[in-house]
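Thanks for coming. I have one model to go through today, and I will keep it short.

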Amino acid sequence: MRKILLPTLLSLSMILAAAPAQAGELDAFAGKTGKIDIAGGTAHIPVMKEAAKRIMQMSPGLRITVAGGGSGVGVQKVGEGLVDIGNTGRALSEAEVSKYGLKSYAFAIDGVAAVVHPKNPVNALTHQQVQDIFAGKITNWKALGGRDETIHLYTRDEASGTREVFWEIMLKKGQIAAGANVVASNGAMKSALAGDMDGIGYVSIGHIDQTIKAPALDGVAPTQDNAKSGKYPVLRKLYMNTKGEPVGIVSDFIRYIQGPDGAAITASDGYIPTK
Amino acid sequence: MPGARQNSGNSGTGRGARSGDRLVTALLFGASAMSVLCVVGILGFLAWFCLPLLADPSGGQLASFLSWQWRPTSGQFGILPMAVGSLLLGSSALLLAWPLGLGLTLFAHGLGPAWTSRPLMALVRLMTSVPTVVYGLASVFLLIPLVRSGLSSSGFSWLAAALTLALLVLPTIVLVLDGQLRLVTPGLRLTTAAIGLTRAQELVHLALPMCGRGLKTAAILGFGRAVGDTLLPLMLSGNAAQVPGGPLDSLRTLTAHIALVVATDSQSAAYTSLFACGALLFGMSLAVNLGLRRLGSSNGASSRMPGGCPGRTRELATALLAQILGWTSACVVPAGVCALLGYLLWRGLPTLGAALFFGDTPPFDAILRDAPVFDGLWPACLGTLYLVLVASALAIPLGVASGIHLAEFATGRAGRLLSSCVDLLAGVPSILMGLFGFALILLLRRTLWPQANTCLLLSALCLALLVLPYLISATRTCLEALPQELRLTAASLGLTRWQTVSRVLLPAASRGVLGGVILAVGRAAEDTAVIMLTGVVVGAGTPGALTDKFEALPFTIYFLAAEHQTPQELDLAFGAALTLLCLTAALFAIARSLRNSLSNGKARRWGAGTSVHQGTAA
């Protein structure tokens with residue numbers, strides 16, 4: 001009896017303890033109406049969608065839409081006023097800030113890693129090798145200790161913040177081969193590589209799960225912990241951006257994402273909350 | 001029909017009827033004028049955005065766009081690789097589809113066993129109703145892995161896109177050829193039977209040479225359809241901004257390029273270059289249009305009987321070639337379509353159920369109390385429904401009225417102007433319509449209406465413009481196909497022109513017009529490229545207002561095909577594809593049965609047996 005009772009009591013008390021805290025944060029939205037349109041960075045999407053779901057279940061009068069497109073889209077759409085929050089997976093350039101009057105709110109730290117199919121025997125790469133692969137200098141997996149198969153390159157379009165970070169830090173602004181397939185988001189990159197035994201691409205570390213594999217870079221495993229400690233070098237912050245100071249429900253939403261609830265969602269999606 | 005236009009109702013009709021007539025004529029004229037304005041508006045808009053390029057005195061920007069490197073990060077905005085990509089993909093799809101289409105048509109018209117004719121043509125008609133995005137989804141998960149494992153490539157390639165695109169344009173080609181053969185063969189039947197030719201000989205040696213114009217029309221229409229498509233290249237061709245070195249390489253078309261790059265800084269060179277892409281695309285469809293027009297004017301050439309007597313060996317070779325082509329396409333095409341659709345059914349059928357549409361939410365709550373639905377298709381279904389309703393409300397009255405005006409009232413220069421505007425509009429690829437909508441909103445925000453935003457209304461408006469030409473030409477064709485005697489009889493009874501139209505002609509053509517309307521609705525329901533640029537999102541919930549962003553079935557399929565994070569999400573995509581396919585197939589079936597009953601009814605009433613309008617679905 002005690003065996004059942006104790007865990008039950010424990011979990012009950014945990015639920016009771018957790019419930020008010022959660023309700024407390026969502027309380028900011030109770031009874032409010034209006035809409036928030038979000039677009040841009042695709043690494044952000046899982047966090048945004050989960051938060052939107054929780055908020056809309058709490059107060060059905062609110063409508064929150066989440067679209068992707070990439071960081072460039074986030075800047076453009078929020079700058080033009082087409083959405084309320086434009087997400088970017090990179091810091092804004094000074095030109096972008098001054099041109100549109102944007103305010104940035106970071107909520108997570110995230111690494112970007114080169115990824116392959118889980119069945120690919122290659123488990124470690126050097127920085128130089130990654131650069132050569134993406135430049136099209138190494139074209140066969142055999143040269144890297146893999147199968148004798150052509151390497152299929154996957155990259156992102158120019159609106160991608162993930163691409164920008166990967167290109168600047170990992171590739172040192174080197175060339176990406178023109179023949180690389182272009183996909184439109186972190187999610188699309190993941191599902192493309194999950195289906196291609198000989199593919200290589202790059203995603204936000206938060207997107208890595210059992211369907212894809214990230215080989216170690218210069219002996220360092222690309223994990224969020226290593227990114228946080230600075231051992232893994234290719235990292236960035238995830239930002240929400242607004243045009244001018246956010247007001248009303250938009251500022252409530254940003255506070256929610258940056259708060260404890262948002263941090264929990266962020267962590268459960270594989271990112272490191274900034275707080 | 002010009003002959004009927006002299007009667008003006010001044011023989012004993014009342015004054016009221018005549019002033020009513022004038023009012024209606026004015027209204028119809030207004031509708032036509034609106035249609036012309038829409039076309040002029042869209043074209044003017046594109047031209048206006050392209051103007052800075054041409055006005056630039058040094059020509060530097062234009063020259064930088066007309067180059068071979070697309071590397072925005074280092075300031076290179078060359079769009080030529082994409083132009084070449086569009087041309088390569090369009091022509092290769094045509095090279096595949098045209099012979100197959102020809103073979104299939106010949107097979108169905110007598111090269112093959114008679115019993116195959118009906119099911120083959122039914123299959124082709126089913127193919128016209130398959131949404132582009134559904135082909136895309138099935139190909140991503142069936143064809144791409146095949147190419148990948150069989151040919152040592154990533155699978156996303158020129159080849160994969162060309163194969164699927166060929167299936168997409170094939171029905172256009174078959175329906176045009178079928179229409180031509182149906183016109184030609186009845187006149188030959190008795191002659192050839194008298195000489196003792198077989199059906200196959202008649203087809204290959206007599207009927208086919210008389211269809212020269214049909215063969216060319218089919219090729220041009222097919223090319224236009226292939227070049228204008230956005231979704232298949234976007235989903236299948238890999239989208240690398242390069243000129244491909246071979247069929248297994250990745251390529252990017254102009255349409256896919258616009259879809260990928262549109263959301264970029266609207267004062268940047270990349271944004272301006274999109275309008276150069278748009279102008280190139282429009283140029284291609286204009287060329288297609290002019291090609292069709294030239295064919296139309298060289299009317300007489302096709303009706304001449306083939307002269308001379310080919311040598312015995314050549315004759316045999318031609319017959320053999322036709323047989324091979326016929327049998328090949330009769331095997332390959334149904335196999336390809338059945339594989340793709342069968343795969344779709346296999347993946348989609350098990351997902352059907354309440355959970356597919358409503359996720360965890362109880363269906364009753366979702367339908368009656370508007371409870372939010374997550375992980376279900378309900379919001380996307382509603383979004384598509386609203387979208388189609390609003391687009392129809394905008395397009396149908398305008399389209400039908402313009403069609404009536406064009407068929408019965410418009411004369412001379414005004415009529416020609418309107419009909420060439422309709423042709424131009426019909427040639428505008430849907431991604432351009434989306435680009436127009438997007439640029440329009442940006443412009444409105446900066447000028448008249450700072451709150452304007454991409455939304456359901458904008459998408460519906462752009463879709464309405466997209467289907468407007470279908471509506472106009474369907475209505476027009478139906479009315480013009482009515483026997484001239486009807487107009488003459490009505491006139492001799494003293495009816496005014498509007499009375500003739502409203503009491504005699506429209507009731508007689510109503511089913512055909514309705515069929516056209518339903519086809520247009522189907523087209524609006526399946527289009528993805530337009531809404532992608534004008535306000536569709538994933539996860540908007542059920543649409544609340546016309547100014548909200550919204551979800552829609554075709555976009556959900558496109559999004560999940562690339563972005564599914566779990567097997568459940570992929571199931572959702574196949575479920576959505578099956579739902580959309582059922583919807584469009586049902587709409588096409590209704591339109592088809594309406595038209596069938598129309599031509600049967602007419603055959604009974606007027607003894608005219610020819611089918612009214614082949615190929616309008618194309």
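I will take confidence, then the nonpolar core, then a single loop residue.

This is a predicted model, so confidence comes up before anything else. For the complex, the predictor reports an ipTM of 0.82 and a pTM of 0.85. Chain B has a mean pLDDT of 83, with 90% of its residues at 70 or more. Two stretches of chain B should be pointed out. Across residues 1-13 of chain B, pLDDT stays under 50, and the model has 22 contacts there beyond four places in sequence. Residues 607-618 of chain B are also below 50, and that stretch has 34 contacts in the model beyond near neighbours in sequence.

Now the core. The largest nonpolar core has 284 residues. Those with the most contacts inside it are V134(B), V467(B), L471(B), I557(B) and A577(B). Take I557(B): with neighbours within four places left aside, it contacts V133(B), V134(B) and L137(B), and also A573(B), A576(B), A577(B) and L580(B). So V134(B) and A577(B), both on the list for the core, are contacts of I557(B). As background, nonpolar side chains in soluble globular proteins tend to be buried together.

Last, chain A. A28(A) sits in the loop that runs between α1 (2-26) and β1 (34-40). Is A28(A) buried or exposed? Neither: it is partly exposed, because 17 other C-beta atoms lie within 10 Å, and buried would need 20 or more. Beyond four places in sequence, A28(A) has contacts with D252(A) and Y256(A). From A28(A) to F253(A) the C-alpha distance is 9.0 Å, although the two are 225 residues apart in sequence.

Definitions and conventions
Residues numbered from 1 in each chain as written. Chains lettered and ligands numbered in written order. Predicted model: local features only at pLDDT ≥ 70, side-chain atom pairs only at ≥ 80, totals over all residues. Helix = DSSP H or I, 4+ residues; strand = E, 2+ residues; numbered from the N terminus. Buried ≥ 20, exposed ≤ 12 C-beta atoms within 10 Å, placed from the backbone. Contact = placed C-beta atoms within 7 Å. pLDDT = per-residue confidence, 0-100. Core = buried A, V, L, I, M, F, W, Y, C linked by C-beta atoms within 7 Å.
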